[in-house]
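The paragraphs below lead through one structure, taking its packing, its charged pairs and its confidence values in turn. They are best read with the sequence and the coordinates side by side.

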Amino acid sequence: MTLSLGGLVLFLLLTFGLQSFGFVRTAAAQTAAQPAIPSAKPAAAADPVAAPGTTAAAPGPTAAPPQFRLVPADTLSSDVHLLLTVPLADPASLPQVAAGIESRFGVTLAAEWPLQSISVHCFIMTVAANADLDGLIARMEADPAIRTVQKIQTYNVLEHSYSDPLLPAQGALSRINALKAHSLSKGSGVSIGVVDSGIDITHPDLAGRIVSQHDFVSGNSGNSGNTKAPEHPETGEAHGTAIAGIIAADADNALGIVGVAPEAGIIELRACWQGSAATGQCNSFSLARALNFAIINRVKVINMSLGGPFDALLEELVRAAVGHGLLVVAARGEGTDVAFPASVPGVVSAGAAGHAPAIPAPAVDILSTAPGNAFRYVSGSSASAAFVSGVAALILSARPEISLSDLETALRTSLTDHDGSPLLDACKALQTALTGDMNCSTE
């Protein structure tokens with residue numbers, strides 16, 4: 001059924017009037033005693049990620065997964081928690097290493113987990129409320145048992161929300177020439193890891209696109225993060241649901257919107273949570289675990305529509321992802337300086353036109369999915385990153401063997417002028433990647 005613009009506007013008005021946006025439940029703090037630390041699961045044993053529409057082979061009997069002390073990420077504070085890493089070479093000695101650090105520095109172990117992708121083990125240590133953190137960090141840096149030590153950093157998803165429902169519906173999809181590109185590729189067979197807040201998997205435009213869910217916020221994924229989704233995942237949240245919709249909302253289903261790559265799969269990597277005063281927050285703890293999962297499982301495209309201060313451990317993980325040939329797409333931010341992790345070499349940054357060196361992609365008044373079977377407009381470089389990730393999925397579906405370098409070149413060089421400003425062109429990106437003679441004219 002084809003709706004006129006007036007009909008769509010009326011539909012959106014009714015939708016906004018009747019639907020409410022998602023909420024986040026507060027995860028209960030984990031109070032179990034610290035278990036013994038067994039040998040870390042090797043990367044080869046990590047759960048594989050299946051493409052949408054396929055059925056994974058039934059696994060054989062295996063031993064119980066190793067258990068590590070985890071806590072809800074949203075209970076950690078940069079004022080009273082430090083993030084330490086130690087070598088993972090001898091897992092059996094980790095309890096003694098942790099006890100030694102507690103004794104020498106008067107701190108208490110709050111959480112710990114392995115990052116097999118870079119062969120380290122992480123400790124979250126609680127310090128006294130009035131402690132001199134800078135002095136404590138300096139003393140810890142001199143300790144031979146400690147590899148790195150840092151404060152817990154906080155990140156915000158990069159979105160500027162607009163409440164006006166009368167703005168044009170999905171004009172951005174036409175501006176990047178996505179519908180022309182769909183004649184050759186819709187992203188089938190490609191899965192994108194969305195490192196963000198929770199996705200509403202019951203939304204009719206997303207239900208068929210979710211490959212798997214993994215929660216790194218609530219603390220109920222009991223080991224290193226290489227597990228299947230918790231039995232009762234969090235309710236969908238606004239930002240993650242919007243980003244998933246821009247990338248891969250279903251097409252030709254007689255409702256809602258169309259994603260940039262409407263046949264791609266979404267791997268939900270919930271590392272952010274929806275707070276009362278912000279659209280979404282993440283921190284070093286949750287983001288490190290999500291990136292570790294993505295690297296181990298070789299998630300080909302990792303979308304990070306978020307930004308914040310520099311973090312040494314997250315930089316190391318992002319570099320490891322790029323080193324493994326994974327495409328990391330991050331929001332550039334709206335400020336003068338490029339936000340982290342978009343600033344990390346090898347990361348593909350995305351933002352509004354004129355915000356070099358980011359790939360220019362739509363960033364204003366983007367219609368997308370919202371929790372509760374609703375739709376809403378979003379703006380910001382978060383949306384730009386989602387468009388770039390979606391176009392990357394189109395290319396990877398049409399040319400699975402493409403190198404990371406050639407993929408990035410296709411994204412960065414395939415631009416079309418729009419009113420004097422360059423903008424990513426999905427059809428031209430496919431043409432560049434396939435070195436073919438496609439008709440990308442919009443006339």
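Two residues are said to be in contact when heavy atoms of theirs lie within 4.5 Å. The model shown here is predicted, and that notion of contact serves as a way into its interior. Leaving aside residues up to four places away in sequence, Ile395 touches Ile402, Leu407, Ala410, Leu411, Ala429, Leu430 and Ala433. Ile395 also stands out, together with Ile302, within the largest nonpolar core, which holds 106 residues and in which these two touch the most other members. The largest share of this core comes from helix 9, which supplies eleven residues. Apart from it there is a second, separate core of 19 residues, whose members include Val86, Phe105, Leu133 and Leu136.

Helix 9 itself, which covers residues 381-398, deserves a closer look. At 1.5 Å a residue, its 18 residues should span 26 Å, and its end C-alpha atoms are indeed 26 Å apart, so the expected and the modelled span agree. Of the 18 residues in helix 9, 16 are buried, and the helix is therefore largely enclosed by the rest of the structure.

Before helix 9 in the sequence comes strand 18, residues 374-379, and Ser379 is found in that strand. With a relative accessible area of 2%, Ser379 is buried. A polar atom of the Ser379 side chain lies 2.7 Å from the backbone nitrogen of Asp365.

The charged side chains give a second view of the model. Side chains of opposite charge can pair when their charged atoms come close. How many salt bridges does a search of the whole structure find? The search returns ten. One of them joins Asp134 to Lys151, with the closest N and O atoms 3.4 Å apart. Because Asp134 lies in helix 3 (residues 133-141) and Lys151 in strand 4 (residues 148-151), this pair ties together parts that are 17 residues apart in sequence. Asp134 is exposed, its relative accessible area being 53%, while Lys151, at 32%, is partly exposed.

Arg399 takes part in two of the salt bridges described here. Its side chain meets that of Glu401 at 3.4 Å, taken from N to O, and Asp406 forms a salt bridge with Arg399 in which the closest N and O atoms are 3.8 Å apart. Arg399 counts as partly exposed at 22% relative accessibility, Asp406 is likewise partly exposed at 38%, and Glu401 is exposed with a relative accessible area of 60%. Elsewhere, salt bridges that share partners join Asp215, Glu237 and Arg270 into one network.

Finally, the predictor's own confidence has to be weighed. The mean pLDDT of the chain is 83, and 79% of its residues reach 70 or more. Over residues 161-168, however, the pLDDT is below 50, and this stretch has 16 contacts in the model beyond near neighbours in sequence. For residues 222-232 the pLDDT likewise stays under 50, and the model has 36 contacts for them beyond four places in sequence.

Technical notes:
Residues numbered from 1 in each chain as written. Predicted model: local features only at pLDDT ≥ 70, side-chain atom pairs only at ≥ 80, totals over all residues. Heavy atoms only, no water. Helix = DSSP H or I, 4+ residues; strand = E, 2+ residues; numbered from the N terminus. Expected span 1.5 Å × (residues − 1). Buried < 20%, exposed > 50% of the residue type's maximum accessible area, 1.4 Å probe, protein only. Salt bridge = Lys/Arg side-chain N within 4 Å of Asp/Glu carboxyl O. Polar contact = N/O pair within 3.5 Å; in protein donor to acceptor, adjacent residues only side chain to side chain. pLDDT = per-residue confidence, 0-100. Core = buried A, V, L, I, M, F, W, Y, C linked by side-chain atoms within 4.5 Å.
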